Structures are given as C-alpha cells and as structure tokens.
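Thanks for sharing this one; here are my notes as numbered points. Please keep the viewer open beside them as you read.

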Amino acid sequence: MSIKVRRPFALAAVAVVGAVAISACGSSTGTGTSSGSGSGAAGNPVSGGTLTVARTADIFTFDPYNTQDDRSIFTEMDVYDRLVKLGSDGKTIEPELATAWKIASDGLSATFDLRPNVQFSDGTPLTADDVTYSLTRAADQKGSWGFLLSPVKKVTKVSDSQVKLTLSKPFAPLLPALSTFAASIYSKANALKWGTQMGQHPLGTGAFALQKWDKGTQLELDKNTHYWQAGKPYLDKVIFKVVADDNSRILQLQSGAADLLDSVPSGQVASLKQKNLTVSQVNGSAVVSVILNEAKKPLNDPNVRLALSWALDRDSIAKSVYSGLATPAKSLLPSSTLYYDGNQQPAGFDLAKAKQYLQQSTVPSGFNFNVTVPSGDAATLATAQVWQASLKQIGVTLNINQLEATTAQDEYNTEKFTARISPWTNDTPDPDELMGVALDYKPQNGLHTGFHDEQARTLVTQGRAETDPAKRAAIYSQMQLIANQQQPFLPIVEVPRLFAATPQVGGFAPNSQGKYGLVNVWKTH
C-alpha cells in the first residue's frame with residue numbers, strides 16, 4: 001500500500017500510513033505568528049522593475065552542500081527549486097518540481113513524479129539525472145546538511161519523469177527536509193563543470209539567476225526567462241546590497257535607496273510604521289543564543305557554561321535591547337517548532353546560582369574570554385554589554401570583539417571563535433534540523449561547539465524514526481532537558497524576525513519560519 005499526494009500535504013495531519021512526514025503537532029505549544037500586512041503595495045501585481053534589498057552582509061556560496069548562513073540560504077531559495085516546498089502557512093507541504101509523490105506504507109521508500117518541461121535558467125531541460133545527482137549529494141553524510149536526509153540510502157532514477165528515495169528506516173521529517181535549501185535541485189552538468197567552484201556559478205530552475213557578484217558589496221539576480229511558472233517572477237532584477245550598519249540600512253529604506261530590509265532593529269519598528277513603511281513581523285521562529293566553542297577551555301566545563309547562562313539577564317535584554325518585542329528563551333528550540341517544551345529546567349537569571357556553579361567548576365576564581373559581535377549590530381552589541389556587566393559581578397571578564405559580519409561568520413564556520421551571539425531559525429517547523437545539527441556532534445561538530453553527548457545523539461536518531469506523535473514529543477522534551485542541563489548553547493531571548501519595505505513593494509510575505517522568497521514580489525513604478 002502507498003499514499004499518493006497531488007495536493008498540499010498537511011504537516012499537522014497524520015493520515016499518512018508510515019507517517020513519513022511531520023507527525024501531529026498536538027503536543028506542541030508553539031506560538032508562531034506573523035503580523036503586519038506583509039504585502040505593501042495594494043492591487044494587482046505589476047511586472048518589471050528592480051528590487052533593491054539592503055542586507056547586513058554578503059552571502060558565502062550558492063552551493064547548498066556547504067551553506068551555513070541565512071543570507072546564502074535565502075538567495076539559494078530564489079535561484080534553485082526543490083521537489084516540494086513549505087507552504088506559507090507553515091502547516092503544509094506543497095508540490096514544486098514534484099507534482100505528486102507516493103510514500104510506501106512501511107515508510108522505507110518514496111517516489112516522486114517530476115514536473116514536465118522544466119528548464120534551467122540557461123534553457124537546458126531539467127532531467128531525472130539532475131534530481132538524483134542533487135539529492136544524492138544532499139544526502140552525503142560528509143556534507144554540512146547531510147544529516148537532514150540521513151536515512152536516505154539511495155536516490156535512483158525510475159524513469160525520465162520519476163525518481164525514488166530508498167530509506168534505511170521510516171523517517172518522520174522526510175518531506176519537510178526535502179523542502180529545505182539543502183535539498184535544492186541544480187544542474188548536474190554545471191556542477192561537474194565547475195567542481196569545487198560550483199558555489200560561485202549556480203545554475204538552477206528557480207525564479208532568478210545570478211547575473212553579477214561583487215563580493216562584499218553587491219549581488220545581482222536577473223529574472224529567469226525560462227521559469228516554469230507562467231508570468232513569474234514579476235521583477236526583472238533583484239539587487240542585494242551589503243549595508244552592515246543598522247542605522248545606514250534604515251536611512252537607505254527611508255530615502256528609497258533600498259526597497260526592502262530583511263533585518264530590522266526592534267527599536268526602529270515604531271518609527272518605521274509612523275513613516276508609512278511596511279513592517280512584517282514573524283514571531284516564535286528565532287532564538288538568539290550564545291554559542292560556545294568547547295575547544296576553548298574552560299568552556300568545556302558544564303559548570304562554567306551553567307554559570308555563564310545563569311548570569312544572563314534575559315528579562316532585561318528582552319525589554320531594553322529588543323524594546324519589549326522579545327521574550328526570555330526557555331529552550332534552544334523556537335516556540336513555533338513542533339514539540340517545543342519550555343518546561344525542561346530552563347536557566348533563568350540568578351547571580352547567586354551563577355557563582356555557585358562557577359565555584360564548582362575548574363575556574364572557581366573566574367576567567368577571561370571573548371565574545372564575537374558583528375559590527376553595526378546594535379542589538380547584539382547591547383546584549384553582550386548587559387551580559388558583560390552581570391558576569392563582572394561573579395568574577396568573569398567578558399571581552400567584546402566586534403568584527404565585520406562576513407568575517408565573524410567565517411570565524412565561526414572555521415571554529416576559530418570562542419563565543420558568539422547569534423539567532424537560529426529552523427527552515428521548517430520540524431525540530432530535527434536544529435536538534436540534528438546541535439546535539440548530533442557528527443554533522444557540524446555540534447554546530448561548531450564541539451559538544452558531544454551520546455545520549456543526546458541517540459535521541460536525535462530516535463526522533464527521526466519515531467512516527468507516533470506522543471512518543472516523538474517525549475523524545476524531543478528529553479533533548480531539550482539535556483540541552484538546558486548542559487548548556488552547549490545559552491538561549492537568551494526569542495525574537496521576532498522583522499522585515500521592512502517601502503509602500504511600492506507588494507507580495508512580500510515571509511512564512512511562519514521567517515523565510516522569504518521573491519518569486520511573488522512586485523514593485524510599483
């Protein structure tokens with residue numbers, strides 16, 4: 001027996017035999033919401049024009065195999081397509097390059113029917129070989145995101161219009177995983193031509209194609225004239241400008257030099273709304289955390305990490321730094337994630353308890369360490385300063401090191417950092433992505449922390465294979481308990497994802513995870 005899907009597949013439904021999809025979310029207490037119009041210009045879409053997006057930093061690559069930053073992810077989502085996509089409501093999986101799929105009743109295989117007559121942006125046809133090549137590479141466990149498809153044993157071509165994924169075990173988050181940037185489909189011939197330089201020379205079937213890339217300054221995407229969705233995209237060109245300083249980005253938006261910001265300081269929201277600019281807010285999707293490199297002693301000591309965590313004044317940071325738009329974080333998972341559990345011994349703010357943990361550690365008299373903050377990021381700098389003042393009271397000296405955002409990201413990717421403050425958002429509502437990369441030390445060395453815990457790693461594997469919603473909820477609650485007890489990451493606050501646009505921008509609508517694409521965006525002339 002198998003199930004064939006020709007319409008959006010509800011993530012919250014469990015009418016799927018074998019349950020190779022997200023299980024029911026009845027146990028989740030997530031509160032993800034989006035506010036603000038998210039649309040800007042009223043009326044019917046307008047074709048043509050250039051959209052200018054001001055960003056904090058440049059991207060690193062167009063290669064999903066090695067991508068590790070949101071800016072690269074968002075850009076790849078417009079250049080490549082995937083077999084399926086996450087619906088804008090965050091509750092459905094919808095067709096993209098696949099028009100239908102069958103999942104075997106034992107959960108050990110899935111077959112996808114490919115959309116006919118799809119072309120890459122250079123006019124060459126998409127083939128089943130491109131799909132099998134891309135997904136085989138995506139499932140490679142040596143890649144940065146191979147763990148997202150870890151049960152996929154083999155990807156095979158069934159026919160010119162069909163591919164099959166063979167699994168080692170039932171895999172609850174299969175469809176959501178296939179909707180992520182990591183499962184993007186690209187040209188096999190182009191990838192083989194460029195080899196390790198493929199990330200600089202993308203060729204996809206998405207709405208846009210790379211035209212020009214002045215690294216560190218500006219990136220230009222042109223409309224894909226061979227795009228399979230008739231009449232889309234509406235825009236002729238998208239320009240991503242690097243504007244590191246928060247205030248400079250705001251000024252560019254107000255002056256019309258930029259049409260859209262994908263990172264808005266919370267303190268600027270009220271004033272932007274007063275100036276007739278559109279602000280989109282997605283709640284429950286992002287947690288700002290301190291990420292610690294356990295290769296840098298004494299951060300390998302759990303008591304040290306607990307001392308640092310209990311010295312975080314989360315309430316003050318939420319109110320003063322984020323203008324009351326943030327809430328104290330109680331888990332490394334964002335609250336809109338399935339199986340979020342904020343009752344698993346979360347750390348609070350208690351300097352007496354912080355001192356107690358420090359006295360039980362290998363450095364009872366205190367120590368010095370550095371935290372990296374992207375230059376121009378006022379909220380992250382202020383968060384570090386609040387923490388710095390509290391740490392001083394327990395005998396710990398925090399040195400704040402401001403680096404250009406791309407340099408800071410590279411320092412993190414190469415594990416040369418000591419500590420860093422950064423937000424995390426999942427690409428789907430399923431918890432496997434974050435738990436897999438954070439608590440399974442093999443994919444990215446515990447999200448570059450060096451955190452190793454065999455029980456946590458075992459639970460990650462169990463969570464992927466378990467299809468019963470109640471049992472899966474219990475597994476993820478246990479993972480969140482381990483994370484709170486050992487603090488490989490120090491969750492600080494849950495923040496909304498904030499975007500702003502001029503009134504001339506229409507159709508911009510970030511989804512429930514704070515992810516956005518530009519295929520449906522237009523700009524009035």
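1. Let me begin just after helix α11, where E415 takes a positive phi of about 60°. This is a predicted model, so please read every value below as computed from it. E415 is not a glycine, and it sits in the loop between α11 and β19. With a relative accessible area of 28%, E415 is partly exposed.

2. The helix before that loop deserves a look too. How many of the nine residues of helix α11 are buried? Seven are, so α11 (residues 405–413) is largely enclosed by the rest of the structure. The buried ones are A405, T406, A408, Q409, E411, Y412 and N413. They pack against the strands β15 (278–292), β17 (368–374), β18 (397–403) and β19 (419–424), and also against α13. At the start of α11, a side-chain oxygen of E404 comes to within 3.0 Å of the backbone nitrogen of T406.

3. A few other backbone spots are worth checking by eye. Most residues other than glycine have a negative phi, and most peptide bonds are trans. N445 has a positive phi near 55° and is a residue other than glycine. N445 lies in helix α13 and counts as partly exposed, at 25% relative accessibility. As for peptide bonds, the one joining K232 and P233 is cis, with omega about -5°; P233 is in the loop between β12 (218–223) and β13 (237–242). The bond from K297 to P298 is also cis, its omega being near 10°, and P298 belongs to the loop between β15 and α7 (302–310).

4. Now to a charged residue, D440, in the loop between α12 and α13 (441–448). Is D440 buried or exposed? Its relative accessibility is 6%, and residues under 20% count as buried, so D440 is buried. Its side chain makes a polar contact of 2.6 Å with the side chain of R457. Leaving out residues up to four places away in sequence, D440 touches M435, G446, R457, V460 and R464. The C-alpha atoms of D440 and D453 are 7.9 Å apart, with their positions 13 residues apart along the chain.

5. V437, in helix α12, has 0% relative accessibility and therefore counts as buried. Beyond residues up to four places away in sequence, V437 touches F147, W424, D432, Q444, G446 and L447. Another residue to display with it is W145: the two lie 292 residues apart along the chain, yet their C-alpha atoms are separated by 8.0 Å.

6. R82 is a second charged residue to inspect, placed in the loop between α1 and β5. At 3% relative accessibility, R82 counts as buried. What does the side chain of R82 reach? It reaches the backbone oxygen of M77, at 3.1 Å. Residues up to four places away in sequence aside, the contacts of R82 include E76, E96, L97, L178, F181 and I185.

7. On the nonpolar interior, the largest core has 94 residues, and L83, F112, L135, L149, L174, L178 and L518 touch the most other members. Helix α15 (residues 469–486) gives the largest share of this core, six residues. A second, separate core of 40 residues includes V288, W310, A318 and A347. Returning to F112, its contacts other than neighbours within four places in sequence include L83, V84, W101, V163, L175 and L178.

8. Finally, the empty space. Rolling a probe the size of a water molecule over the atoms shows where empty space is left. The largest pocket holds about 650 Å³ and is lined by 31 residues, with K85, L86, Y516, G517 and V519 nearest its centre. That lining divides into 13 nonpolar, 10 polar and eight charged residues. Both α1 (70–79) and β5 (84–86) supply at least two residues of the lining.

9. There are also five cavities of 30 Å³ or more. The second largest cavity has a volume of about 50 Å³, and among its lining residues are L148, P173, T180, D430 and E433. By class, four of the lining residues are nonpolar, two polar and three charged. Helices α3 (174–178) and α12 (432–439) each supply at least two residues of that lining.

Methods: Residues are numbered from 1 along each chain as its sequence is written. This is a predicted model: local features need pLDDT of at least 70, side-chain atom pairs count only at pLDDT 80 or more; totals for chains, interfaces and linings use all residues. Side-chain values use heavy atoms; hydrogens and water are left out. On a 1 Å grid over the protein atoms alone, a cavity is a set of points where a 1.4 Å probe fits but cannot get out, and a pocket is an open set with protein on both sides within 12 Å along at least five of seven lines; lining residues have an atom within 4 Å of a point. Grid points are joined across faces, edges and corners, and a volume is the space filled by probe spheres set on the points. Helices (H or I, at least four residues) and strands (E, at least two) are DSSP runs, numbered from the N terminus. Ala, Val, Leu, Ile, Met, Phe, Trp, Tyr, Cys and Pro count as nonpolar, Asp, Glu, Lys and Arg as charged, and the others, Gly among them, as polar. A nonpolar core is a set of buried Ala, Val, Leu, Ile, Met, Phe, Trp, Tyr and Cys residues joined through side-chain atoms within 4.5 Å. Buried means under 20% relative accessible area, exposed over 50%, partly exposed in between (1.4 Å probe, protein chains only). Contact means heavy atoms within 4.5 Å. A polar contact is a pair of N or O atoms within 3.5 Å; within protein, one must be able to donate a hydrogen and the other to accept it, and residues adjacent in sequence count only if both atoms are side-chain atoms.
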